[in-house]
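Here are my notes for a first look through this model. They are numbered so that you can take them one at a time.

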Amino acid sequence: MSSNAITIPGNQIQSRPWVDELHQWVTTVDHKRLGILYILSALLFLTIGGVEALVIRIQLMHSHNNFVSPEVFNSMFTMHGTTMIFFVAMPVLFGFANYLVPLMIGARDMAFPRLNAFSFWLSFLGGLLLYFSFLGGSGLYGAGSAPDVGWWSYAPLGARAFSPGHSSDYWTLSLLVSGFGSIGTAINIIATIVSLRCPGMKISRMPLLVWMNLVMAGMVLIAITPLSAAQIMLLIDRYLGGHFFDTQAGGSAVLWMHFFWIFGHPEVYVLIIPCFAFMSEIIPVFSRKPIFGYPVMVAATVCIAFVSMSVWAHHMFTIGMNSYANSFFTLTTMAVGVPTGIKIFNWIGTMWGGRIQFKTPMLFSIGFLFQFLVAGLTGIMMAASPFDWQLSLSYFVVAHFHYVIVGGILFALFAAFYYWYPKMTGRMLSERLGKWHFWLFLIGFHLTFDVMHIPGVLGMPRRIYTYEPGRGWDTLNLIISIGAFIQAIAILVFVANLIISYFKGAKAGNDPWDAWTLEWSTSSPPLAYNFATVPTVSSRRPLWDLKHPEDPDSRYE
Amino acid sequence: MSLLRMKSSTLRFFAQTILLLFWSAVAGWTSEPNGSSSHGTNIFAPASTAAKSIADLSVFVLAVTGIIFVVVFALLVYSVVKFRGRAIDASREPAQVYGSTQIELAWTIIPILIVVVLFLATARVIHAIQDAPEPTDAVQVTAIGHQYWWEFRYPKLGIVTANELHIPVTEPGHPTPTFLQLLSADTDHSFWVPELAGKTDLIPNHPNRMWMDPQHTGVFLGQCAQYCGTQHAKMLLRVSVDTREDFAAWVRAQQRPAVQDAGAIAGRRVFEDNACMNCHAVAGTPADGRFGPDLTHLMSRATIAAGAATNTHNNLRLWIQDPSAIKPGSLMPAMKLSDADLDAVVSYMETLR
């Protein structure tokens with residue numbers, strides 16, 4: 001690493017009419033702006049999906065509640081699931097990947113900037129299409145508004161006989177359109193990492209975040225394509241007289257399940273691997289040590305990617321597969337726990353012997369480690385297929401995957417927000433509000449999702465808009481709902497922090513965390529061209545080398 | 001190798017201890033509210049062979065994962081507390097350690113061994129439950145899922161009923177398991193009575209099979225577990241496990257055609273002159289519809305509307321008058337009968353014992 005990565009001061013015109021500014025944002029092909037657009041659109045949909053979750057929780061507060069009708073409840077959980085997976089989790093992770101990958105490999109933009117913009121707008125359009133169903137879903141038949149088929153729309157519920165009108169068409173189209181956006185972004189990430197690394201950035205020197213996003217992008221290519229194919233087949237069924245999934249005409253409901261979950265399970269890893277990436281950057285910096293076992297972390301990531309392609313049917317243990325198939329998917333699912341466990345151990349190994357600084361990003365990272373451990377272990381329980389015959393489709397499984405998605409992915413994302421916000425805006429997020437956010441969210445999360453395991457064990461199925469009294473579910477559901485509101489308050493604190501700190505936060509400077517990867521070598525926020533001169537690196541921690549010329553990493557490589 | 005064996009025996013010891021504690025807790029919990037008649041939906045209060053072996057496996061898996069949790073959680077807490085940054089050494093960086101092959105190997109191999117143990121334990125249970133042979137004298141039931149109710153047919157006994165399944169209890173030394181063939185008339189459903197068996201889906205064009213051999217009499221509760229449409233929530237399920245004699249008596253009663261009560265002829269005329277008979281069957285009369293539940297012995301059932309309401313005069317009347325008052329989204333239409341017709345048809349229903 002040479003010292004020539006210093007940027008020249010910005011000479012852009014600062015005050016522009018807001019229409020011009022808006023026009024700049026809409027037409028931008030800059031990876032940083034697109035990254036921020038991805039993140040902002042995800043925050044918008046997070047708010048909407050969160051409100052839907054609260055509607056669900058109010059309805060379930062006690063038995064025989066009449067807050068909403070069954071029709072509304074069913075579309076709420078369908079929209080909540082679809083929104084959170086496709087229009088919150090995917091876009092926000094793509095946003096961070098977009099923003100960070102070029103900066104971390106010393107590139108000036110993504111490989112295909114226009115494709116990048118196109119992909120973002122496809123994703124966003126997909127979200128708008130989904131929500132347009134509230135207006136257009138009734139179609140000519142006046143049936144339904146928003147889709148109410150569940151986020152996996154099992155056949156034949158999505159067939160025209162059971163889902164008249166256009167509500168599930170909007171669902172299909174939104175996933176199809178945003179799916180093309182995801183494929184475009186994945187191609188772009190791969191091309192960028194393969195071809196735009198700065199001099200000296202061998203693949204064995206890439207930051208783990210870059211490695212893991214490379215693996216994630218490869219998985220997107222493999223996982224999204226069967227989903228898109230299935231959506232096209234569903235449209236053919238619905239409008240061109242096809243019979244792929246039309247069981248009334250001899251089609252196969254099980255075929256849809258396979259198509260959906262061969263997308264659906266790798267998708268979980270598409271979401272969690274970038275979060276592993278955040279952890280692998282943030283934990284070392286706040287432990288003041290390099291990541292423990294870099295090559296093993298890379299190997300474990302690739303291993304997870306491979307094995308996770310062969311576990312999809314563990315979502316289908318109850319559909320009556322034969323005992324050999326059930327045993328196979330039990331084995332593969334348990335096996336994926338091994339490389340995942342290795343990662344947890346390596347993060348603990350990174351903290352071991354370090355000097356841990358409990359800044360907000362690190363608090364969220366520690367929360368992630370704890371919750372991801374629990375989520376992994378409940379995952380092992382459900383991998384044991386007979387256990388799953390009881391737990392599957394119950395509130396236990398709802399608790400499990402929210403432990404992964406909220407306890408794991410969302411906590412990692414909050415860590416990432418607090419860690420990279422200074423780079424993106426030039427201002428620090430408030431530590432005080434950050435701690436309020438962390439503790440409130442932690443309490444709310446555990447109140448909701450720890451307790452949620454229990455009704456599952458007591459036989460409460462998911463996706464029911466109401467339940468009978470006397471099953472022992474009432475009190476538990478009340479506690480779960482209270483926790484949900486505490487989480488909502490925490491999210492408000494977070495949003496307030498984002499807004500207030502944007503105007504009043506302390507100035508961040510280039511490198512507020514004393515970190516080691518290339519994005520911290522340039523200004524905050526970076527200028528359009530990222531680096532005045534393209535940097536050259538000679539180790540995995542170029543800024544460490546710069547700050548510790550007496551003991552550079554490059555000596556040990 | 002001896003180290004490994006010791007490890008697995010310690011593991012088994014732990015597992016057994018936890019299992020014991022767990023079972024005593026569960027026993028205390030479940031024996032308190034129910035005597036024998038009504039059972040809950042707790043997966044850890046199994047009452048059949050399959051449910052019991054699932055519960056045992058579950059406790060074993062819980063024990064193993066519990067130990068892993070304790071160990072890793074302790075490591076995590078220890079490292080967070082022990083290696084927290086102190087103000088004194090803020091300026092100094094700690095020793096830069098990049099990894100260790102031995103440690104990496106250790107935390108790769110140990111999890112692999114745990115996975116092997118868990119997998120073998122699981123595979124045994126899968127095989128024992130799924131590949132159990134069907135005895136020739138087993139009770140056979142065909143369960144058909146409908147939006148939003150259950151149809152039960154006993155092909156060998158010539159019985160058609162709905163929502164409340166009756167099966168015989170298995171007495172020690174004389175097993176009488178019930179084998180169910182699971183079909184669907186429309187969307188996907190799932191048969192789940194937690195204390196009797198794990199759930200199995202009812203999927204159109206994809207016949208499934210499951211079995212149970214309950215060891216206690218009483219009513220076992222359950223409900224549809226696979227989202228099947230608007231009223232998925234009120235597709236409830238009751239399994240009445242009867243003594244051998246009670247079951248035989250129930251079978252005889254169900255095999256008879258419907259009672260022909262001259263006093264209810266007006267109601268029967270309303271039933272047959274309206275669309276009721278297009279969807280409902282009453283054996284021995286022209287009514288032979290199959291979209292809705294068979295009503296031949298309606299009054300032998302404790303509930304109506306797939307368990308959504310108890311089978312009382314008022315509920316029955318309300319249900320016929322306006323099904324959506326009890327179950328919004330139900331496929332049964334409100335027939336808009338006059339009060340006189342409504343009362344007549346309810347009286348007719350009440351003769352169908």
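1. Start with the overall build of chain A, bearing in mind that this is a predicted model. A compact globule of 557 residues would have a radius of gyration near 24 Å, and chain A comes out at 23 Å, so the two agree. Along its principal axes, the C-alpha trace of chain A spans about 70 × 50 × 45 Å.

2. Staying with chain A, what is it made of? Chain A has 16 helices and zero strands. Buried residues account for 61% of its 557 residues. As for contacts in chain A with a separation of 6 or more, 81% of them link residues 24 or more positions apart.

3. Next, look at where the two chains meet. Here 76 residues of chain A are in contact with 73 residues of chain B. On the chain A side, the helices that each supply at least two residues are α3 (70-104), α7 (253-287), α8 (294-308), α9 (323-335), α10 (337-351), α11 (360-383) and α12 (385-391). Which of them gives the most? That is α10(A), with nine residues. By type, the residues on the side of chain A that touches chain B split into 44 nonpolar, 26 polar and six charged.

4. Over in chain B there are sheets to look at. One is an open sheet of five strands with mixed pairing, in the order β4-β3-β2-β6-β9. At its edges are β4 (159-162) and β9 of chain B, each pairing on one side only. From one strand to the next, the twist averages 25°.

5. Strand β6 (residues 178-184) of chain B deserves a closer look, and both its neighbours can be traced. Strand β2 (residues 139-146) of chain B runs parallel to β6(B), and seven bridges join them. Within that pairing, T142(B) stands opposite Q181(B), and G145(B) has S184(B) as its bridge partner. Strand β9 (residues 208-212) of chain B, by contrast, runs antiparallel to β6(B), with five bridges between them; there, F179(B) stands opposite W211(B).

6. How do the residues of β6(B) divide between a covered face and an uncovered one? T178(B), L180(B), L182(B) and S184(B) make up the covered face, while F179(B), Q181(B) and L183(B) are on the uncovered one. That fits a general pattern: in a regular strand, side chains alternate between the two faces of the sheet. Two residues from the pairings above, Q181(B) and F179(B), belong to the uncovered face.

7. Chain B also has an open sheet of four strands, ordered β1-β10-β11-β5, again with mixed pairing. Why is one side of β1 (38-39) and of β5 (164-168) in chain B left without a neighbour in the sheet? Both stand at the edges and have a single partner strand each, so nothing in the sheet flanks their other side.

8. At the β1 end of that sheet, β1(B) runs parallel to strand β10 (residues 218-223) of chain B, and two bridges join them. One residue to find here is H39(B), whose bridge partner in β10(B) is F220(B). Towards the other edge, helix α4 (residues 244-255) of chain B lies across β5 and β11 (236-242) of chain B, running at about 130° to β5(B).

Definitions and conventions
Residues numbered from 1 in each chain as written. Chains lettered and ligands numbered in written order. Predicted model: local features only at pLDDT ≥ 70, side-chain atom pairs only at ≥ 80, totals over all residues. Contact = placed C-beta atoms within 7 Å. Nonpolar A, V, L, I, M, F, W, Y, C, P; charged D, E, K, R; others polar. Rg over C-alpha atoms; globule rule 2.2 N^0.38 Å. Buried ≥ 20, exposed ≤ 12 C-beta atoms within 10 Å, placed from the backbone. Pairing = 2+ DSSP bridges. Axes fitted to C-alpha atoms, helices over the stretch in contact; angles between N-to-C directions.
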